[in-house]
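Here are my notebook entries from a session with this model. I took one question at a time and wrote down what I found.

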Amino acid sequence: MNELFQEVLGWLGYLERPEVSAQIILIIIIAIGSHSLHRPALTRRLPRLLRAFIGPAVAGLVVLILQQHQHANGLMWFLSAAWLGWALLLLLERGLLRVLPAQRVHELLSRLLRPLYLLLIVLLLINRLDSLQDLAVIGVGQFFGAELTLGKLFGSLLISYLLLIGSGPPAAGFAWVMQKLIGYSDGSRKALELIIRYVVVGIGITAVGMQIGLNATALVAIAGGLSVGLGFGVKEVFSNFISGIWLLFEGSVRPGEVLMVDGDPCEVRRLGLRATLLWRDRDNAELLIPNQMFFTDQATTYTASDRMRRSEIRIGVAYRHDPRTVLALLEQTALSVPRVLNQPAPRALQVAYDDYAITYSLRYWIANPMDNIGIISEVNQAIWIAFKHEGIEIPLPQRVNTIRDWPTLTHEPDAEDSDLSSPH
C-alpha cells in the first residue's frame, strides 16, 4: 500500500505544475459556463442536444487557441475529448429510445454504459500520469492465503460488476427466444431470465475467485460460511428468494395484476426475487411486499381471469317513494355514467328496511379495478342529480318521541295503617 500512496503523491506533484493547473482552471470555467445554460429561460430556446455539445465545442476552441500560441494543452485536449464523448452518449440515448422502452434505456445507460465510460476515462487519465502495468503489480494484501495485487482486485471487481449488470440483456434475449419457441407464459419467461442471470453470476464469481488464486479449500470455506449465514442471519432473504422463483413459474402474481392490500387496490409493477413492487393509485405510493407474504397471507385479486370488477353503492331512500320507481331510476342512472359497463347490465336491489329509510344496493361492473374510487364518485354524483330532478328524498336519521299520560297511582293502606286508624 505504501507504493500506491507514493504513486498518488507523484500524481499530485504533476497536477501542481502551473501549466497543468491553468488547463484545469480553464476547463472548470467552461464547465460552469455550460451549466449556466440550463436556466429555465434558456432551456426553452435551446434544445437539450444542442446544449450538451456547447461545452465540448468551447473547450475544443480553447485547445486550438492554446496550440496556436504554443502553450501546453495536452490535459485540456484530453478533457475536451472526454467531454465530447459524454455528450455523444446523449445521441446514443436518443437512438436507443427508438427501439427500446424508456425504462430499459435509462437502466442501460445509468448502470452500465455511463459508469463504464467514466471508468475508461479515469484509467486513461491515470495512464497519462503513470503506467497502468506498474500499478497493477502493487500488492494490497492477502485474501484466504492468496496474494492480491491491485490489478487482480480491480479486474475482479470489474468482472463482478459486469456480471451483475451486464448479464441482464443477454438473459432477457435468450428467455424471449425460448418463449417464442416453447410458448410459455410471461411469468415463466421472467423466471427463466432471472434464473439464467443468477446462474451466470454464480459461475462467473466462482471463476473470479479461482482467477485471483483462491484454492478449493477457500471456496468450500466461503460456501460453508454462506450456508451458516442462510441458516441464521438471512433465512428470510433466502425464503423470499425461493418464493419469488415459485411465484414467477406459477404465474399467480404477475406484473399488471391488481391485488387488494389493506383494503386498497394495488397494481403489481415488478416481481423480484426478494420482494414484489406494487403501485397504489390513491396516493401514488409504491409498496414493497416480501414474496413469502403471498404464501402465508390471503390475497384477493381482481385480474386472475379478467380485469372486470363489480362495484356496489348503498343508499337510503325515504319510505314514501315507490321502490319500483327507485330501482328503475338507479339502474338508468348507472347506465348514464360513461365508465360503467353496459354488459353485464347494472342491477338495483332493495336490501333492507332501516329505521328511517329503505336501503337500496346498486351493483355495476367496471373495466379497470384501479378506477373504482373515481367511478364510485361519478355514480354518486349522478344519483344525487337524478334524485334531485325526480324529487326523491335521501332522508336524514329521525327519531319520534311519543309522550304518554301514565295512570294515577292509588294508595291502598296496608294492615298496619288500618290498625292505627281504627278507634279503640
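**Entry 1: a glutamate in a helix**

Does E93 count as buried or exposed? Before I answer, a reminder to myself that this is a predicted model. I looked up the relative accessibility of E93 and found 16%, so E93 counts as buried; the cut-off for that label is under 20%. E93 sits in helix α5, which covers residues 74-97.

Next I asked what E93 touches once its neighbours within four places in sequence are set aside. The contacts are R48, V105, L109 and R114. I also checked the pair E93 and L109: they are 16 residues apart in sequence, and their C-alpha atoms are 7.6 Å apart in space.

**Entry 2: the sheet of 5 strands**

I then turned to an open sheet of 5 strands and wrote down its order as β6-β5-β4-β3-β7, with antiparallel pairing. Which strands stand at the edges? They are β6 (285-290) and β7 (300-301); each has a single partner strand, so one side of each is left without a neighbour in the sheet.

Within this sheet I followed β3 (residues 258-261) and β4 (residues 264-271), which pair in the antiparallel sense over 4 bridges. L259 has C266 in β4 as its bridge partner, and M260 stands opposite P265 in β4. The two strands β3 and β4 form a hairpin with 2 residues between them. I noted that D262, in the turn, has a positive phi of about 55°.

What does β3 do with β7? I found antiparallel pairing over 2 bridges. M260 turns up here too, standing opposite T300 in β7.

**Entry 3: an arginine in β5**

R280 caught my eye in strand β5, which spans residues 275-280. Its relative accessible area is 15%, so R280 is buried. Leaving out residues up to four places away in sequence, I listed its contacts as D264, P265, C266, A285 and L287. Two names on that list were familiar from the hairpin: P265, which M260 faces, and C266, the bridge partner of L259.

**Entry 4: the sheet of 3 strands**

How are the strands ordered in the open sheet of 3 strands? I read the order as β8-β10-β9, with antiparallel pairing. Its edge strands are β8 (309-317) and β9 (347-353), each pairing on one side only. Ignoring direction, neighbouring strands of this sheet are turned by 25° against each other on average.

I went on to the pairing of β8 with β10 (residues 358-366): the two run antiparallel and are joined by 9 bridges. As one register check, I noted Y360 in β10 as the bridge partner of I315.

Which helices go with these strands? Helix α14 (residues 323-335) lies across β8, β9 and β10, and runs at about 25° to β10. Helix α15 (residues 372-390) packs on the sheet as well, touching β8 and β10. The direction of α15 makes about 35° with that of β8.

**Entry 5: a nonpolar patch**

My last stop was the surface. Which residues make the nonpolar patch of about 460 Å²? I found W176, V177, L181 and I182. W176 lies in helix α9, residues 168-182. With a relative accessibility of 49%, W176 counts as partly exposed, because the exposed label needs over 50%.

Definitions and conventions:
Residues numbered from 1 in each chain as written. Predicted model: local features only at pLDDT ≥ 70, side-chain atom pairs only at ≥ 80, totals over all residues. Heavy atoms only, no water. Patch = residues over 30% accessible without salt bridge, like charges linked within 9 Å, V, L, I, M, F, W, Y side chains within 5 Å. Areas by Shrake-Rupley, 256 points an atom, 1.4 Å probe, with all protein chains shown as cover. Salt bridge = Lys/Arg side-chain N within 4 Å of Asp/Glu carboxyl O. Buried < 20%, exposed > 50% of the residue type's maximum accessible area, 1.4 Å probe, protein only. Pairing = 2+ DSSP bridges. Axes fitted to C-alpha atoms, helices over the stretch in contact; angles between N-to-C directions. Contact = heavy atoms within 4.5 Å.
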